[in-house]
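Hi everyone, thanks for coming. Today I'd like to talk about salt bridges, so let's bring up the model.

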Amino acid sequence: MKSERQNKIKALRGTSLFQGLPENALQEIATKSKIRQFFPSETIVWQGKPSDSLFIIINGIVVVKKVISQDKEQIFAYLMPGNTFGEVGILENQPRSATVAALSDVDVLVIRRGDFLDMLQSYPSIAIELAKMLGKYLVESNRRQSRGNRNSKVILIFNLCADSGGTTLGNALCKIIYEKTEMPTVYAEYPTPQQIMADLNIKQRGNIYKHNTGYDILLSQQDNLLPAAARTTLLLDSLLNDYNYLVINLQGNAQIDENIAMMLDYVNQILIIFPPLSEDWHESERLQKQLKKYVRLDEVTIFTLVNRSKSEFQDVSFDKDIDFEIPYFPNLNLIAASEQQNFKLPEALAEPLSNIFDRLERTNQIGLYIPTTVDVDMEVDTSEYVEKTLNFLAERFGGATSTEAKGVWNSEEVGLVGERVYLVYTYATRSDMNRYLDEIVDYVKNMKVKLSQEAMALEVNKKLTLI
């Protein structure tokens, strides 16, 4: 009983609704909840049935879907440990709008509707977190409606200091995007385009400058007499209507004001650029924490780029955890040179920026952990399974990568076991993840049997579950 109560408290603490409560409150709520287990393909809740419970996922993966006809269904989402479902139906007291089924073995914590409503009155922090959650749902719904069927992609560049080189990298990225897609692409600077006008020696007046390589550069905003927020709204609406790709460079800006917060409602990708200095790296960590309050990480990718934009940065030692590094290019004015139609970007610049563009829509990370032991602690060569897994993921998502790591897990038979493991991971679009995640779970189940494992780990968007 003690172990079950501890599992309940751990599950409550792992979700945003309850994590702010003191221990005595969690103890009380745990007594009013039950743990239920579901097998793969078993339905947890049916659409159209009364919304009589709140569910917290302890372990496993569930699929949220709507049955359209006898042989057709629409998948809305996959939920992982720490996610909740059923809270909206409880508040509205309406039948469930979707079916939720177990994709793997699933453990959930169940709180009955009446008990949950009592908790909202007894613990205001739960109501506050629920209001925040519903507010996010509303913002996302409004954002989807405002964008309609447009598939425009927005990339925001945060320059942490004047030496970051965001203007150069932003224009190089636009050049790559247009070369790969030949779709309308625009580069803009916030709050004013002074840097790009100086770099390209642009003297002409007008709203748009036509770059020789095909993309556009926004030179000015119309309606300068309007308040800044109104100008930003009009600017975004106009650009989203006219362009498939928007690269917006936030010049020397590491602070999120109301206008940047508005842009974050539309963003698909964020680049944080800074020189190889420890103080700027710490600032990038602070900014990332702040950004995560505004964006969903399964929809928006945040990259860190160290740019050795000046000669004094060329040989500076820098061993921090970053995504990409841009070397110093002596005697090369990339902005001016890029105006030449036959100009090719240096490979050391083109490769990371191409990788960034390729990841623009693939924001969901899926990882499979391949052990190097069988029958608990017998070492074997599992490189064959690593190769098979690489091919399996590449066939579905276009590519995959493997890396070696050290893992420790608790076996029911022999206790703690330490071993080498291989993490094989890929990045997927939301539609591809919805299409193939059930196949991945089946693949992990089959490999678990072949490798004689008690369980195997699957990671989706940094959330780990055991199969």
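Let's start with a small network: D52, R96 and R112 are linked by salt bridges, a salt bridge being a side-chain nitrogen of Lys or Arg within 4 Å of a carboxyl oxygen of Asp or Glu. Before I go on, this is a predicted model, where local features need pLDDT of at least 70, side-chain atom pairs count only at pLDDT 80 or more, and totals for chains, interfaces and linings use all residues. Residues are numbered from 1 along each chain as its sequence is written, and side-chain values use heavy atoms, with hydrogens and water left out.

How many salt bridges does this rule give? The count comes to 15.

Within our network, R112 pairs with D52, their closest N and O atoms being 3.9 Å apart. R112 sits in strand β8 (residues 106-112) and D52 in the loop between β2 (43-45) and β3 (53-59), so this pair ties together parts 60 residues apart in sequence. Helices (H or I, at least four residues) and strands (E, at least two) are DSSP runs, numbered from the N terminus. R112 is partly exposed at 47% relative accessibility, and D52 is partly exposed at 33%; buried means under 20% relative accessible area, exposed over 50%, and partly exposed in between, with a 1.4 Å probe and protein chains only.

Next, E299 and R430 form a salt bridge at 4.0 Å. This pair links distant parts of the chain, 131 residues apart, with R430 in helix α14 (residues 430-450).

Finally, E384 bridges to K388 at 3.1 Å. Both lie in helix α13 (residues 383-397), four residues apart, about one turn of the helix.
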